[in-house]
Amino acid sequence: MGLDISAYSGIKKLDARMNGDGEAIDTKTGVLLPQDGMWFTAWVNPVFPGRAGDIESGAVYSYENCTCFSIGYARHAGWREKLAEISGYPLAEQVHYGRVEKCYLAGALSGECGPFYELINFSDCEGVIGTGVSEKLAKDLAEFKGRAMGVSEGFYDLYLKWKAAFEMASNNGCVRFH
């Protein structure tokens, strides 16, 4: 099991709804949308307000371009920890499975803003990040690229995938965690 990431550009809300079978239906004609993969359903995660102000939760969207990648949950957690470290967040304590430990992720989560904050403090399983926040994260990724190069090849490869995703979503799009 893991986290799937899809980044979209050129999104457009469709006049469609989802039926009980998970299929998109044109609300005017009642016809199923083609299963060609050129549409998706957005879910705005209410636990993380402000991440997708330009996206309507539950709406069906078409898109012009898409890129996808996957990452295991444990690797994603480690990647966010390293991202928080290179971003300059302080070490802070958190309780993890009944143990108190110090980590940079806790330092990032104790604040309300900063480099990559909207990505570090986001669901590891479901939700969307909209165009405006994607633009901010794309800038953060461009700014910290040099620091990311020095971490490890695996970290940097994943960093470049996130960078490409948020750059794509900056063009009237979004990044979907699913």
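1. D140 is buried, with a relative accessible area of 9%. In this predicted model, its side chain meets that of K136 in a salt bridge, at 2.6 Å from N to O. K136 is not buried to that degree: it counts as partly exposed, because its relative accessibility is 27% and the partly exposed class begins at 20%.

2. D140 and K136 both belong to helix 4, which covers residues 131–143. They are four residues apart, so about one helical turn separates them. The pair is also part of a wider arrangement: E118, K136 and D140 are joined into one network by salt bridges that share partners.

3. How many salt bridges does the structure hold? There are seven. Among them is the bridge between E56 and K13, whose side chains meet at 2.6 Å, N to O. This pair links distant parts of the chain, with the two positions 43 residues apart in the numbering. E56 sits in the loop between strand 5 (39–41) and strand 6 (60–62), while K13 is in strand 2 (residues 12–13).

4. Are E56 and K13 buried or partly exposed? E56 is partly exposed, at a relative accessible area of 40%. K13 also falls in the partly exposed class, at 45%.

5. A further salt bridge joins the side chains of E85 and K82, at 3.0 Å from N to O. Both residues lie in helix 1, three residues apart, or about one turn of the helix. E85 is partly exposed at 32% relative accessibility, and K82 is partly exposed at 30%.

6. Y89 is in the loop between helix 1 (73–86) and strand 8 (92–96). Although placed in a loop, Y89 is buried, because its relative accessible area is 9% and buried means under 20%.

7. What does Y89 touch? Leaving aside neighbours within four places in sequence, Y89 is in contact with A84, Y104, G107, A108, C113, G114, P115, Y117 and I120. P115 deserves a separate remark. Y89 and P115 are 26 residues apart in sequence, and their C-alpha atoms are 8.8 Å apart in space. A polar atom of the Y89 side chain lies 2.7 Å from the backbone oxygen of P115.

8. The largest nonpolar core has 38 residues. Which of them touch the most other members? They are L83, Y159, W162, F166, V175 and F177. Several elements each supply at least two residues of this core: strand 1 (2–9), strand 7 (65–72), helix 1, helix 2 (104–109), helix 3 (117–120), helix 4, helix 6 (153–169) and strand 11 (174–177). Helix 6 gives the largest share, eight residues.

9. W162 is one of the core residues named above. Not counting residues up to four places away in sequence, W162 touches I5, F69, H76, W79, L119, L141, V175 and F177. Another core, of eleven residues, lies apart from the largest one, and I11, F40, Y63 and V128 are among its members.

Methods:
Residues numbered from 1 in each chain as written. Predicted model: local features only at pLDDT ≥ 70, side-chain atom pairs only at ≥ 80, totals over all residues. Heavy atoms only, no water. Buried < 20%, exposed > 50% of the residue type's maximum accessible area, 1.4 Å probe, protein only. Contact = heavy atoms within 4.5 Å. Polar contact = N/O pair within 3.5 Å; in protein donor to acceptor, adjacent residues only side chain to side chain. Salt bridge = Lys/Arg side-chain N within 4 Å of Asp/Glu carboxyl O. Core = buried A, V, L, I, M, F, W, Y, C linked by side-chain atoms within 4.5 Å.
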